[in-house]
Amino acid sequence: MKNPNKKSKKESSANFRILKSVFKKIIKQNCATRLKAEYHILNGIKFEYSNDKLTLVSTDGNRLLVNEILVNDGEGECEAIFNGDILEKITFIKDMLIGGSFVDLLEFEMTPDQLTIKDVANRITYCIPKIGTVDSKYPEYRKLFPKINKDDKDYTTLGVNIRFLEELKRMSVNSRHNILKLSFKNNNPLSCIVAETQNEDEEVKSKTLIMPIQLRD
């Protein structure tokens, strides 16, 4: 017979430390990929900690972002969804100079009800409450990713220089729908990718090329 008072691993607690510079960058990305709707479960950021790894998950229903951070000195296991509005508003102040070097670590204490982040050097503690209720269910995000094997003929894995993708921002896209069209050559996915868009409001058409490369293990 199971002990009703015994907490499961996923409902216990976790303690770990992360470089401030790393967490600031990652949490900003996740906060930008969430639903900006008060009291909605997708407003939050899902935190999962286990096996020396912190996973941050966010989605607005159309986009999904999963970031994983390796942690060297953590313990415990826990998962919870924390208030995204509060996380987005935190501005971690500049690190203190101690003994000729900057202290750049944040200490985390995580339970299913609250996330506590301690900026020890600056003597600041941030408390972020959970979001949602017992009945609130976050999407099973792992099931949304297709399983892609290197021998899978249904998929072609390509690498694209991120600077080329940034060029798409310079195209004249209609701000009402922000849509552009990508065309691939079916029998040669490594040929150029054509990106096209039309801004009807300004009567402008834009076209550009993206040169992909094949990734090898």
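1. The lining of the second largest pocket comprises 3 nonpolar, 4 polar and 4 charged residues. In this predicted model, the pocket encloses about 260 Å³ of space. Its lining is made up of 11 residues, and those nearest the centre are N149, K150, T157, Q214 and L215.

2. The largest pocket has a volume of about 610 Å³. It is lined by 23 residues, with E79, A80, I81, T133 and S136 the closest to its centre. By residue class, the lining of the largest pocket divides into 9 nonpolar, 3 polar and 11 charged residues.

3. Which strand gives the largest share of the lining of the largest pocket? That share, 3 residues, comes from strand 5. Strand 5 spans residues 75-82, and both this strand and strand 2 (45-50) supply at least two residues each of the lining of the largest pocket.

4. The next points concern aromatic contacts. Across the whole structure, 6 aromatic pairs are found. One of them joins F16 and Y49 in a stacked arrangement, with 4.5 Å from centre to centre and 15° between the planes. This pair links distant parts of the chain, since F16 belongs to strand 1 (residues 11-19) and Y49 to strand 2, 33 residues apart. Both F16 and Y49 are buried.

5. Why is the pair of F23 and F108 edge-to-face? The ring centres of F23 and F108 are 4.9 Å apart and the planes stand at 70°; the pair is edge-to-face because planes over 60 degrees apart count as such. F23 lies in helix 1 (residues 20-32) and F108 in strand 8 (residues 105-110), so this pair ties together parts of the chain that are 85 residues apart in sequence. F23 is buried, as is F108.

6. The residues of these two pairs also belong to a wider grouping: ring pairs link F16, F23, Y49, F92, F108 and Y126 into a cluster.

7. Turning to charged contacts, the structure holds 16 salt bridges. One of these is formed by E88 and R34, whose closest N and O atoms are 2.4 Å apart. Here too distant parts of the chain are linked: E88 is in helix 2 (residues 84-89), R34 is in the loop between helix 1 and strand 2, and 54 residues separate the two.

8. Are the partners E88 and R34 buried or exposed? R34 has a relative accessible area of 3% and is therefore buried, the cut-off for that class being under 20%. E88, by contrast, is partly exposed, because its relative accessible area is 39%.

9. A salt bridge also joins the side chains of K46 and E48, at 3.4 Å from N to O. Both of these residues are buried.

10. The side chains of E140 and K143 form a further salt bridge, with an N to O distance of 2.8 Å. Exposed residues are those over 50% relative accessible area. E140, at 53% relative accessibility, therefore counts as exposed, and K143 counts as exposed at 66%.

11. Finally, salt bridges with shared partners join R34, K36, D85 and E88 into one network. Two members of this network, R34 and E88, are the salt-bridge pair with closest N and O atoms 2.4 Å apart.

Definitions and conventions: Residues numbered from 1 in each chain as written. Predicted model: local features only at pLDDT ≥ 70, side-chain atom pairs only at ≥ 80, totals over all residues. Heavy atoms only, no water. 1 Å grid on protein atoms, 1.4 Å probe; cavity = no way out; pocket = protein on both sides within 12 Å on 5 of 7 lines; lining within 4 Å. Points joined across faces, edges and corners; volume = space filled by probe spheres on them. Helix = DSSP H or I, 4+ residues; strand = E, 2+ residues; numbered from the N terminus. Nonpolar A, V, L, I, M, F, W, Y, C, P; charged D, E, K, R; others polar. Phe/Tyr/Trp six-rings, centres within 6.5 Å; stacked < 30°, edge-to-face > 60°. Buried < 20%, exposed > 50% of the residue type's maximum accessible area, 1.4 Å probe, protein only. Salt bridge = Lys/Arg side-chain N within 4 Å of Asp/Glu carboxyl O.
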